[in-house]
Amino acid sequence: MASANPITEFQHAVERATSRGVDTIPVALATVGADGRPSLRIVLCKYVDERGFIFHTNYNSRKGRELAGNMTAALCFHWPTLEEQIRVEGTVEQLTAAESDGYFRERPRGSQIGAWASEQSAELPSREALEERYRRFEEKFAGVDVVRPPFWGGYRVVPDRVAFWYGRPDRLHDRVVYLQAGNNWRITRLFP
Ligand SMILES: Cc1cc2nc3c(=O)[nH]c(=O)nc-3n(C[C@H](O)[C@H](O)[C@H](O)COP(=O)(O)O)c2cc1C
């Protein structure tokens with residue numbers, strides 16, 4: 001029996017997966033460039049709230065620039081041990097500065113300094129140049145807390161379509177799709 005709401009269905013899937021030792025946090029994130037070309041990468045989705053799926057990144061990265069031009073995205077979770085896939089599509093919003101600050105504060109100091117040092121997705125002349133930038137920010141923040149870079153923070157994918165794929169014998173897989181319909185969700189099934 002499918003849950004009434006895709007976030008609840010997702011949380012049940014996470015419970016099933018984590019009880020089997022599956023790391024449910026990495027997810028493939030697709031964005032679209034101004035030229036209509038899709039791009040895809042793995043990010044960490046550590047938080048899911050009642051509004052959507054949250055990840056953190058550099059706002060000036062390729063994905064950040066693509067999202068600035070087109071605030072839609074798709075996520076794809078794949079948990080092979082369970083033979084499950086969850087596909088999320090929706091609009092993307094930036095988290096508030098306070099929300100991003102909260103997450104940044106929880107990160108290890110090295111990652112905080114790394115966030116300052118990385119001009120994510122820009123061309124890097126050499127490995128040394130990155131290490132040199134890391135050292136520079138280590139000195140800058142010596143003895144004080146590392147504040148969040150203004151170009152780094154969270155996004156929330158607010159879903160309007162969530163599709164669950166449950167592997168079943170004889171390729172008769174279950175596909176349950178949640179489509180947003182106003183304030184409700186229309187639940188439908190698709191052929192596998
Ligand atoms: C397991 C794993 C987890 C990752 N988590 C993140 C993440 O949470 N945020 C992030 O910006 N990049 C993360 N990355 C790196 C991205 O895949 C990607 O290389 C980077 O964000 C730059 O992507 P872009 O140039 O398309 O913006 C992760 C990579 C891997 C393999």
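**Entry 1: α2 packing.** I started with what α2 (62-69) touches in this predicted model. Its buried residues pack against β1 (26-32), β2, β4, β5 (72-79), β6 (84-94) and β7 (152-166). Next I looked up which residues those are: Lys63, Gly64, Glu66 and Leu67. Looking down the helix axis, I find these buried residues within an arc of 165°, so they line one face of α2. I then checked the other side of α2, where Arg65, Ala68 and Gly69 are exposed.

**Entry 2: ligand contacts.** Lys63 turned up again at the ligand, with a polar side-chain atom 2.6 Å from one of the ligand's oxygen atoms. Thr57 also places a polar side-chain atom 2.6 Å from a ligand oxygen. For Ile42 the polar atom belongs to the backbone, and I noted 2.7 Å to an oxygen atom of the ligand. I looked up the cover too: the protein takes up 60% of the 620 Å² of accessible area that the ligand has on its own.

**Entry 3: the shell.** Which elements give two or more residues to the shell around the ligand? I get β2 (38-44), β4 (53-58) and α2. The largest share, four residues, is from β2. I listed the whole surround as Arg41, Ile42, Val43, Leu44, His56, Thr57, Ser61, Arg62, Lys63, Gln120 and Ser121. Sorted by type, the shell residues come out as three nonpolar, five polar and three charged.

**Entry 4: cross-check.** I went back to Lys63 to tie things up: it is among the buried residues of α2, and it is also in the ligand's surround.

Key
Residues numbered from 1 in each chain as written. Predicted model: local features only at pLDDT ≥ 70, side-chain atom pairs only at ≥ 80, totals over all residues. Heavy atoms only, no water. Near = heavy atom within 4 Å. Polar contact = N/O pair within 3.5 Å; in protein donor to acceptor, adjacent residues only side chain to side chain. Areas by Shrake-Rupley, 256 points an atom, 1.4 Å probe, with all protein chains shown as cover. Nonpolar A, V, L, I, M, F, W, Y, C, P; charged D, E, K, R; others polar. Buried < 20%, exposed > 50% of the residue type's maximum accessible area, 1.4 Å probe, protein only. Arc of directions from axis to C-beta. Contact = heavy atoms within 4.5 Å.
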